[in-house]
Amino acid sequence: MQQQKKPSKITVLGAGAWGTAVAISLASRHDVLLWGRNPAQMAETEGARENLHYLPGHPLPASLKVSADFEAALGHVMDALDDEAPLLILACPVAGLRPLLGQLQGRKIPNVVWLCKGFEAGTGLLPHQVVAEVLGNEVAGAALSGPSFAQEVARALPCALTVASTSGALRERVVAAAHGNNLRVYACDDMVGVEVGGAVKNVMAIATGTADGLGLGLNARAALITRGLAEITRLGVTLGAQPGTFMGLAGMGDLILTCTGDLSRNRRVGLALAQGKQLDAIVAELGHVAEGVPCAKSVRALARRLGVDMPITEAVAAVLFDGVDATEMAQQLLARDPRDELA
């Protein structure tokens, strides 16, 4: 797959930290418009040429368009449907995916790429399942995932991602548009594996942050990451994923970054839990969405329904939602009976 030379029309729907970072990165080579639903925030962003609320300190390229006009944002790519590769990138949290897709129903839309990671609360659906349920299976879609902090992508530091889609043509299109400079994009057809890896690693990051906050040491951190990968793989394979996907960027790569990187919001949730802080206060203090919090509840329910053993997820959910103390959580994990490692 060769790097695409012709600029594409791209609209990024969602002006949070990650959506803004992706828009900044792509604007160096493409005609990009960044849309946000809050008119005041977008006016501020346009005036400062910087997303002061979600991604301060990272100037927007002069070529990057900013808008709070949804119709104009869609028109930016609708007008290019005869082009080689117009892309509509959905950069909302999982909780906002269905409402955003609802605004696209009944429209002739270009290829859709989503950046969100998690399971939908209530339904337990993965993002690609939500997209299919709302837009139908005839719309080509792709998940772009992998180890990536918004701040580093916005600074053009090296980063590698995976795009997953059942459409080979769309995989090639996304790679051609996004791959280049310091951003490398690999492709696969395992949407379930990529999405499960991206979702459940956030739960494991809360566990690892908690262990680090309790001062359990680097040995414990390594054990949690390794056994966390085993949990992710068990759930993913049960849902139909390919085991090898979890050894790649969207599995092991994203897990290591989110569990160990201090820019990780989910890791910070765990660190705060270890200090005895209440969940509501932690979330308010973050000021951003920490997807591992709602994901822990969804994954626990799904694992129980499917009979998948996920003790770390169970422990994290117990602290978040059942009032279990973080120290008690660690003790419960250490008190588990021995078992074969690969069982």
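Here's a quick tour of the nonpolar cores and the listed binding-site residues in this structure. Keep in mind that you're looking at a predicted model. The largest nonpolar core holds 45 residues, and there's a second, separate core of 38 residues. For "binding site", an unreviewed UniProt entry lists K117, R265 and N266.

**The nonpolar cores**
- In the largest core, the residues that touch the most other members are F119, V196, V200, L235, V269, V316 and L320.
- Two or more residues come from each of several elements, including α8 (191-213), α9 (218-238) and α14 (311-321).
- Helix α8 gives the largest share of this core, with ten residues.
- Over in the second core, you'll find W18, V32, V113 and L144 among the 38 members.

**The listed binding-site residues**
- K117, R265 and N266 are spread over 150 residues of sequence, yet they cluster in space, with a largest C-alpha distance of 13.3 Å.
- Out of this set, K117 is part of the lining of the second largest cavity.

**A closer look at K117**
- You'll spot K117 in the loop between β7 (111-114) and α5 (127-135).
- K117 has a relative accessible area of 13%, so it counts as buried, the cut-off being under 20%.
- Beyond its neighbours within four places in sequence, K117 is in contact with residues including V94, S145, G198, D254 and E291.
- Its side chain also reaches the backbone oxygen of G146 at 3.1 Å.

**And R265**
- R265 sits in helix α11.
- Its relative accessibility is 30%, so R265 counts as partly exposed.
- Setting aside neighbours within four places in sequence, R265 is in contact with L286, H288, V289 and A290.

Technical notes: Residues are numbered from 1 along each chain as its sequence is written. This is a predicted model: local features need pLDDT of at least 70, side-chain atom pairs count only at pLDDT 80 or more; totals for chains, interfaces and linings use all residues. Side-chain values use heavy atoms; hydrogens and water are left out. A nonpolar core is a set of buried Ala, Val, Leu, Ile, Met, Phe, Trp, Tyr and Cys residues joined through side-chain atoms within 4.5 Å. Buried means under 20% relative accessible area, exposed over 50%, partly exposed in between (1.4 Å probe, protein chains only). Helices (H or I, at least four residues) and strands (E, at least two) are DSSP runs, numbered from the N terminus. UniProt positions are given in the numbering used here, feature names are shortened, and annotations may be inferred rather than shown by experiment. On a 1 Å grid over the protein atoms alone, a cavity is a set of points where a 1.4 Å probe fits but cannot get out, and a pocket is an open set with protein on both sides within 12 Å along at least five of seven lines; lining residues have an atom within 4 Å of a point. Contact means heavy atoms within 4.5 Å. A polar contact is a pair of N or O atoms within 3.5 Å; within protein, one must be able to donate a hydrogen and the other to accept it, and residues adjacent in sequence count only if both atoms are side-chain atoms.
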